[in-house]
Amino acid sequence: MSVDAESPIPEAVAAQVRAGQRLSADVVAHLATLSDILALGALADDCRRARHGARTTFVRVHAFDVDTMDRWQPAPAAAREMRLTGQPSSLDHALQAVRAARALSGGRVVRGFALEDLAVLGGRDGLRALVAAGLHDAAYVSPGPAAAALVAEGRHVGLGVRVIGATRVAADRTAWLLDARALADAVSGLVAVAPLPRVPDRLTPTTGFDDVRTVALARIALEHVPTIQVDWGRYGPKLAQVALTVGADDLDGVEAADDTSKGPRRAPLEDVRRNIAAAALVPVERDARFERLDA
Amino acid sequence: MTLTLDVLGTRILAGGRLSGPEALWLYREAPTLWLGRMADAVRRRKHPEGVVTYIIDRNVNYTNVCTARCNFCAFYRTVGHREGYVLGFDEIHRKIDETIALGGNQLLLQGGHNPDLPIDWYEDLFRGVKAKFPDFKLHALSPPEILHISRTAKLPVPEVVGRLVGAGLDSVPGGGAEILVDRVRKLLNCYGKASSDEWLDVMREVHRAGLRTTATMMYGTVETDDERLEHMLRLRALQDETGGFTAFITWSYQPEHTERGGEEATGVDYLRTLAIARLVLDNFDNLQASWVTQGGKVGQLSLAFGANDMGSVMIEENVVRAAGAAYCMDEFEVVRNIENAGFAASRRTMHYEQLGTPVFRQRDVPRMVELATAREDGDDSVPAELVNYQARSAAGKRQRGQAPPSPVA
Ligand code: SF4
């Protein structure tokens, strides 16, 4: 991209990133301090385009919140994935939720919860029971010292894990990214990173600058992870669309029901496609296993 | 000459002016982040001190009765409608008291085209405010409202402006511009309230009278991208002539609850539009971020796409809220967003004079105050003083107990 305004990113670093090479932890930490988030975003966009071109995937998800089980409805036909959200209070609670979601899923993939939240409920046996009840994948695993072992444990009993994610905002976002990178080094098959937290801090929510910086840095620092995700339902069309211009290539959490009654921030299929196209990108629907549906 | 990003980027960075075709090419072809970085470079050249400003004011809509019936508007009520209202002078004074208590220094006063409010109602309102609150500023009456008063009073615009300034008008908001292209205005049913030339002529008169004004653009309805550019170029030409605009504010059409309906333009569209405005409007010092319509996050990102002002810490806003925009930030949150983006925050006046540190750092102010909006639901009281002003509509006369019009009025 031709940018004439002076970039604060040294050309040697930019060249390293564009060549798909790994940046040192110090360089990542330095990039995280730059206030010129658009220079960072432009570099991340170069990487994203080198890997995916203009293609932008999205997945339609039907969410089941474990705290509102009495109000669950069968999933709409358009849903490609069932997603259990929230934090179950016990293994029984989790099992009950998985069975109920499975019953309403029409045979589609059921993913849900943070792997670490499931593991504390009942260890390996608990994970095995959840798989037997119908849970295909943990929705994500948070990076940390025990994460690689947890993924191995889950996979051993048949529980898939494909996404590295964050439940809450990390105190040190650079450290979080470096931990995520180490996890993706240690464990194969982690195809996506969702760097923005699932549960916002209500008192001090992350800002637009924070989110753009985090997404762009994730793309730049995790050179070996194919997909950088943003959650459409949680972050809303405006921020999610901007994220697509600074390194993200996948929209998670698109509501499956084609219904506008919940307001414009819970947008239906057409709105997702419109927003992707309006960012000069090409929308492609995918399924729960990251398989493109146009292929 | 073939247009390229390098050629135009070099010109922009050297402070050169973009032609209409060049700006249109960039708007259509330039990558979003390239536009943003250019706009940011221009913002930095104009505001090297790294300060982002905001104003604490209160947006009061004095009446929702309107004969204009713009089809993008969710706010107005027709003459005689049971939900139509006019605020009383006492109520407006009370709102000013509350605004001052929160550190505010100005009322942004706009309303519908109410045929039953004659020019002396506005003059009495302004004089009353100035008598009670001499230092408080009145940023009031967009060009179509001034034109409406001129039409109902059968007085030329310069005379209306002179009388309003004499009564206490301090500055004029740039509302009602929508898109300054008559094809678009006809489709939006807002050509009748003011054609493009009429809007610009009113602004010219206001600038001649020595007042400063803002300029706005509401996009995302029926206009083409070259019509958005035409709008900006017309503003740039008037600014070359008068230098009277303090700031430019753009926002996307908010479709909810409007007759027109449809979808809202996207966040990237907003940031591109803001950035191209910074590049085209090279004679405007200030660009505001519209976080009310874009949300806090994209609102803050505006500061990387050419904006140097976070606009108003909204205490009250009925027109946009009626159309579904529901974002809210108090002074604490506005300042947090400014500082998080790497800028120093400063309160300001409408004339962009900096007023210093945030009020909440000087004294305790409540967070996220819930003040009454223009009119509480179910409140259908009529201000007592309205009987002193001659209504023009049959419904207005009935309500005020006034005689039918004389046949030779
Ligand atoms: S936008 Fe203003 S002039 Fe148009 S209908 Fe609404 S209140 Fe009336």
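Is Cys73(B) buried or exposed? In this predicted model, Cys73(B) counts as buried, because its relative accessibility is 17% and the limit for a buried residue is under 20%. Cys73(B) also belongs to the set of residues that surround the ligand, and the description therefore begins with that site.

The shell around the ligand is drawn from chain B and consists of Cys66(B), Ala68(B), Arg69(B), Cys70(B), Phe72(B), Cys73(B), Tyr76(B), Gly112(B), His113(B) and Lys193(B). By residue class, this shell comprises six nonpolar, two polar and two charged members. Among the cysteines of the shell is Cys70(B), which has a relative accessibility of 6% and is accordingly classed as buried. A disulfide is a covalent bond between the sulfur atoms of two cysteines. Over all chains of the model, the count of disulfides is zero, where a pair of cysteine sulfur atoms within 2.5 Å would be required.

Cys70(B) also serves as a reference point for a position elsewhere in chain B. Pro156(B) is separated from Cys70(B) by 86 residues along the chain, and the C-alpha atoms of the two residues are 24 Å apart. Pro156(B) is placed in the loop between α6 (143–153) and α7 (157–167) of chain B. With a relative accessible area of 46%, Pro156(B) is partly exposed, since this value falls between the limits of 20% and 50%.

A further pair of positions in chain B involves the helix α11, which spans residues 267–280 and contains Val280(B). Val280(B) is buried, its relative accessible area being 1%. Although Val280(B) and Gly20(B) are 260 residues apart along the chain, their C-alpha atoms are separated by 8.3 Å. Helix α2 of chain B, made up of residues 20–29, packs with α11(B) at an angle of about 155°, and the two axes are 10 Å apart. Because angles over 145 degrees count as roughly antiparallel, α2(B) and α11(B) are assigned to that class. The crossing formed by α2(B) and α11(B) is right-handed.

In chain A, a helix pair is formed by α2 (residues 25–32) and α7 (residues 173–186), which pack at an angle of about 140° with their axes 10 Å apart. The angle lies outside the ranges for roughly parallel, roughly antiparallel and roughly perpendicular, so α2(A) and α7(A) are described as oblique to each other. The crossing of α2(A) and α7(A) is right-handed.

Helix packing is also found between the two chains. Helix α3 of chain A (residues 37–52) and helix α3 of chain B (residues 32–46) cross at roughly 160°, and their axes come within 10 Å. This angle is over 145 degrees, and α3(A) and α3(B) are therefore roughly antiparallel. The crossing in which α3(A) passes α3(B) is left-handed.

Chain A offers another comparison of sequence separation with distance in space. Val13(A) is located in helix α1 of chain A, which covers residues 11–18. Its relative accessible area is 11%, and Val13(A) is therefore buried. Val13(A) and Val282(A) lie 269 residues apart along the chain, with 29 Å between their C-alpha atoms.

Backbone geometry was examined next. Most residues other than glycine have a negative phi. Phe290(A), which is not a glycine, has a positive phi of about 65°. Phe290(A) is found in the segment that follows β10 (282–285) of chain A. The relative accessible area of Phe290(A) is 18%, so this residue is classed as buried, the limit being under 20%.

A positive phi also occurs in chain B at Tyr352(B), a residue other than glycine, where the value is near 65°. Tyr352(B) lies in the loop that runs between β9 (344–348) and β10 (354–356) of chain B. At 14% relative accessibility, Tyr352(B) is counted as buried.

Conventions. Residues are numbered from 1 along each chain as its sequence is written. Chains are lettered from A and ligands numbered from 1 in the order in which they are written. This is a predicted model: local features need pLDDT of at least 70, side-chain atom pairs count only at pLDDT 80 or more; totals for chains, interfaces and linings use all residues. Side-chain values use heavy atoms; hydrogens and water are left out. A residue is near a molecule or strand if one of its heavy atoms lies within 4 Å of it. Ala, Val, Leu, Ile, Met, Phe, Trp, Tyr, Cys and Pro count as nonpolar, Asp, Glu, Lys and Arg as charged, and the others, Gly among them, as polar. Buried means under 20% relative accessible area, exposed over 50%, partly exposed in between (1.4 Å probe, protein chains only). Axes are lines fitted to C-alpha atoms, for helices over the stretch in contact, and angles run from 0 to 180 degrees between N-to-C directions. Helices (H or I, at least four residues) and strands (E, at least two) are DSSP runs, numbered from the N terminus. Angles under 35 degrees count as roughly parallel, over 145 as roughly antiparallel, 65 to 115 as roughly perpendicular and the rest as oblique. A crossing is left-handed if the near helix is turned anticlockwise from the far one by less than a right angle, and right-handed if clockwise.
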